[in-house]
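Student: I am new to this structure and would be grateful for a close look at one part of it. Please take me through the metal ions and what surrounds them.

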Amino acid sequence: AKNSGKDTHALFEHSMNAQATERLEMEAMLRRAVASDQMRVYYQPIIDLETKQIRKFEALVRWQHPTLGLVPPLKFIPLAEETGVIGPLGDWVMREACRQCRAWQIASPEQEELSIAVNLSARQLQLPGLAHQVAQILSETGLSANHLELEITESVMMGDPDAAIRTLQELKSLGVHIAVDDFGTGYSSMQYLSRFPIDTLKIDRYFIQKMVEPEGFAIVHAIVDLSKSLHLRVVSEGIETEEQLSMLQLLDCNFGQGYLISAPVPAANAESLLAFPSSG
Ligand code: C2E
Ligand code: CA
Ligand code: CA
Ligand code: CA
């Protein structure tokens with residue numbers, strides 16, 4: 001019994017080292033993955049709920065690992081954020097998504113106004129020169145700024161909100177749109193609304209799932225009305241049932257996204273959702 005404390009300690013030390021090593025290995029693997037073309041962008045349509053037309057795609061990254069298969073972002077984005085790999089990774093996603101959106105615009109005259117939404121982590125917003133980098137990507141890919149929307153979460157409030165606001169203002173002055181993702185789940189949402197230069201609110205799917213209950217319905221109703229009074233566009237995410245869809249149409253929510261419409265898909269499949277003349 002006297003030794004057990006020491007043993008436990010040794011074991012703990014060992015596992016801490018193992019964890020640290022594993023993390024370093026994971027980080028190196030992640031860096032290599034970005035550099036060696038193992039990342040993929042999937043696209044999920046965002047439709048106008050009135051016309052059912054696709055107006056935007058949200059770009060969602062996946063890691064096509066040679067042996068593990070398709071790794072979802074929640075398995076590696078947090079590590080990418082902690083290690084700084086999010087810099088090159090986020091850059092790659094944005095360039096790829098902008099390039100793809102521009103290619104779709106060019107492929108069909110009906111898609112001239114198609115937009116792309118790209119997720120931006122709080123950490124990326126803190127990296128120096130973000131607006132410059134975005135401007136660079138836009139000019140490289142030929143996408144106009146007003147067809148790019150950057151989705152941020154309320155976690156950007158947690159670091160240095162003044163610095164975040166300055167960066168967002170730089171992005172806005174390029175003509176890029178800003179959306180607040182997962183609206184309602186973070187903290188100080190109201191402060192966010194009054195201080196940040198935003199264009200769009202995305203209602204978190206948690207509330208959409210709760211819409212069948214009167215309280216859930218009331219909350220979504222209130223967020224849609226709030227968006228309208230603030231002249232913001234509003235997107236409902238995580239629409240899974242016809243019932244949710246018709247309730248949102250009743251509330252006059254502008255845009256919708258979710259498995260009922262389509263899951264995120266590879267670029268080739270997204271193309272058939274756009275129903276290009278060539279694809280029938
Ligand atoms: P998010 O930005 O809130 O993206 C929406 C997530 O909900 C996506 O998960 C999407 O596949 C999923 N989803 C869409 N419709 C439905 C639905 O009807 N029901 C349900 N249950 N889920 C739905 P995904 O692709 O696994 O991405 C998870 C999160 O990873 C994203 O959440 C985003 O925070 C982050 N992420 C993804 N790609 C990127 C990226 O390129 N950069 C950064 N910084 N974060 C990313
Ligand atoms: Ca998002
Ligand atoms: Ca979201
Ligand atoms: Ca989310």
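Which residue bridges the calcium ion (ligand 3) and the calcium ion (ligand 2), and how far apart do these two ions lie?

Tutor: The residue is D181, and the two ions lie 3.9 Å apart. The model is a predicted one, in which local features need pLDDT of at least 70 and side-chain atom pairs count only at pLDDT 80 or more, while totals for chains, interfaces and linings use all residues. Residues are numbered from 1 along each chain as its sequence is written, chains are lettered from A and ligands numbered from 1 in the order in which they are written, and side-chain values use heavy atoms, without hydrogens and water.

The calcium ion (ligand 3) has as its protein donors D181 (OD), D182 (OD), E237 (OE) and E237 (OE), at 2.2 to 2.5 Å. Donors are N, O and S atoms within 2.8 Å of the metal, or 3.2 Å for Na, K and Ca; water is not among the atoms, so sites may look incomplete. Along the sequence, these donor residues follow the spacing D-D-x54-E. Because D181 belongs to strand β6 and E237 to the loop between β8 (233-236) and α10 (242-250), the pair ties together parts that are 56 residues apart in sequence. Helices (H or I, at least four residues) and strands (E, at least two) are DSSP runs, numbered from the N terminus.

D182 also lies in strand β6. D182 bridges the calcium ion (ligand 3) and the calcium ion (ligand 4), which lie 3.6 Å apart. For ligand 4, the protein donors are D182 (OD) and D182 (OD), at 2.9 Å.

D182 leads on to ligand 1, since a polar side-chain atom of D182 lies 3.3 Å from an oxygen atom of that ligand. This is a polar contact, here a pair of N or O atoms within 3.5 Å. Another joins an N or O atom in the side chain of N119 to an oxygen atom of ligand 1, at 3.0 Å. A backbone N or O atom of V61 lies 3.2 Å from a nitrogen atom of the ligand.

In total, 22 residues surround ligand 1, D181 being among the closest; a residue counts if one of its heavy atoms lies within 4 Å. The elements that give two or more residues to this shell are β2 (54-65), α3 (86-107) and β6 (177-183). The largest share, 4 residues, comes from β2.

Terms used: Polar contact = N/O pair within 3.5 Å; in protein donor to acceptor, adjacent residues only side chain to side chain.
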